[in-house]
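This report describes one protein chain as it appears in a model. The sequence and the structure are shown first, and the description follows.

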Amino acid sequence: MVKKQLFSVIIFFLFLLFLLCSVIPVCPEPAEIKTAVLVSRDIRPYYETVESLNNELVSIGNFRIEEFNIGRYKRKQLNKIADHIKKKKFDICIAIGPEAAFFIWKDIPGLNALKCYTMVLAPEKIIGESAENCGTSLNIPPEIQVELISGCFPDINRIGILYDPAHNTDFLNKTLRYALKTDLRIVPLSISSKKNIPSVLKKNWPAIDALLFIPDETVISESIIQYIITESIRKNIPVIGYNRFFYDRGAALAFVIDYRETGIQTARQAAALINSRECGKQAPPFNALLNTRIAGLLNLKTDLTGFPQIKAGP
């Protein structure tokens, strides 16, 4: 008798569950977010960024991604891509690298889509100061660089910065303003061409305790960088660089951007933009690699206390 009553109760609840399922509407699938991802060129940092960007977008929501590598096409074909992007009415366009950013902001007039960028140095030069500015730049803020250098090398007081005023006056001025709040002195090493570099350094070696490289179109040659690092080691002056190449070639410290984390960060910015939340420009995720071999060779005093971003390497 008890079993029969229990069976009846179970049947009754199953019937109620059936009724609820039949009258309560099923939640509709979220609308697709049509997403155009434009890549500047075929280089590994962009590949790593795009892969993690796309994976993160898919995990976040219903992003439907169409990818375009604009570095593979000539102008006539790029015009067709621009027309396709306008006609398809993408919800958001994401640029990987400066060429892709320029293409989205300048080469597709009247584009009615949200825009986001990543892996772009000085994005304001492309999109303007007052324009929508959502993305991840390649610029590590000067105050962060100065703070990490000062913390890592407590005996360094004078930092020389090799730069071309045509490209990096703003960065230098920001660095000078921040240094005024510290005990550090910034020594500007202005150059206008590659030919100036040896003479400018020869004149200023006695005036600096370390040499900081920043991304600069005039100082981009790998052979020039290797020459300067070799000379600096001979002068017992550490070099601080901005990517893994510097570390591998003998820089005492290098700021190395994490491209996969950059892609994840940019995906989350794009999702925020889609959801009408504040986005803004963000600095790239990075680590600072301390070359302990070079630090020992130069008898540098180092202190990593309180700086988890600095990783000691061989």
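Residues 19-27 have a pLDDT under 50, and the model gives this stretch zero contacts beyond four places in sequence. The model is a predicted one, and confidence in the chain as a whole is summarised by a mean pLDDT of 88. A pLDDT of 70 or more is reached by 89% of the residues.

**Overall make-up**

The chain has 314 residues, of which 46% are buried. Its secondary structure consists of 12 helices and 13 strands. Taking the contacts between residues at least 6 apart in sequence, 66% join residues at least 24 apart.

**The six-stranded sheet**

One open sheet has six strands in the order S2-S1-S3-S4-S5-S11, and its pairing is parallel. S2 and strand S11 (281-282) are the edge strands, each pairing on one side only.

At one end of this order, seven bridges hold strand S1 (residues 33-39) and strand S2 (residues 63-69) together in the parallel sense. Within this pair, Ala36 has Glu66 in S2 as its bridge partner. Between S1 and S2 the chain passes through helix H2 (residues 44-60), making a β-α-β crossover that is right-handed. At the other end, S5 pairs with S11 in the parallel sense over two bridges. Here Thr136 has Gln282 in S11 as its bridge partner.

Helices also lie across strands in the model. The table lists three of them, with the strands they cross and the angle to one of those strands.

| Helix | Lies across | Approximate angle |
|---|---|---|
| H3 (residues 75-88) | S1, S2 and S3 (92-96) | about 165 degrees to S2 |
| H4 (residues 98-106) | S1, S3 and S4 (114-120) | about 160 degrees to S4 |
| H7 (residues 165-179) | S6 and S7 | about 170 degrees to S7 |

**The seven-stranded sheet**

A second open sheet contains seven strands in the order S7-S6-S8-S9-S10-S12-S13, with mixed pairing. Its edge strands are strand S7 (185-190) and strand S13 (310-313), each of which pairs on one side only. On average, neighbouring strands of this sheet are turned by 25 degrees against each other, direction ignored.

The edge strand S7 runs parallel to strand S6 (residues 158-163), and six bridges join S6 to S7. Ile161 stands opposite Pro188 in S7. Helix H7, listed in the table, lies across both S6 and S7.

**A closer look at Asn133**

Asn133 sits in the loop between helix H5 (124-127) and strand S5 (135-137). Is Asn133 buried or exposed? Its relative accessible area is 18%. Residues under 20% count as buried, so Asn133 is buried.

Which residues does Asn133 touch, leaving out those up to four places away in sequence? They are Tyr117, Glu124, Ile127, Gly280 and Lys281. Glu124 and Ile127 are the end residues of helix H5 (124-127), which precedes the loop. Lys281 belongs to strand S11 (281-282), an edge strand of the six-stranded sheet. With Tyr117, which falls within strand S4 (114-120), the side chain of Asn133 forms a polar contact of 2.5 Å.

How values were computed: Residues numbered from 1 in each chain as written. Predicted model: local features only at pLDDT ≥ 70, side-chain atom pairs only at ≥ 80, totals over all residues. Heavy atoms only, no water. pLDDT = per-residue confidence, 0-100. Contact = heavy atoms within 4.5 Å. Helix = DSSP H or I, 4+ residues; strand = E, 2+ residues; numbered from the N terminus. Buried < 20%, exposed > 50% of the residue type's maximum accessible area, 1.4 Å probe, protein only. Polar contact = N/O pair within 3.5 Å; in protein donor to acceptor, adjacent residues only side chain to side chain. Pairing = 2+ DSSP bridges. Axes fitted to C-alpha atoms, helices over the stretch in contact; angles between N-to-C directions. Right-handed = clockwise from strand over helix to strand, strands pointing away.
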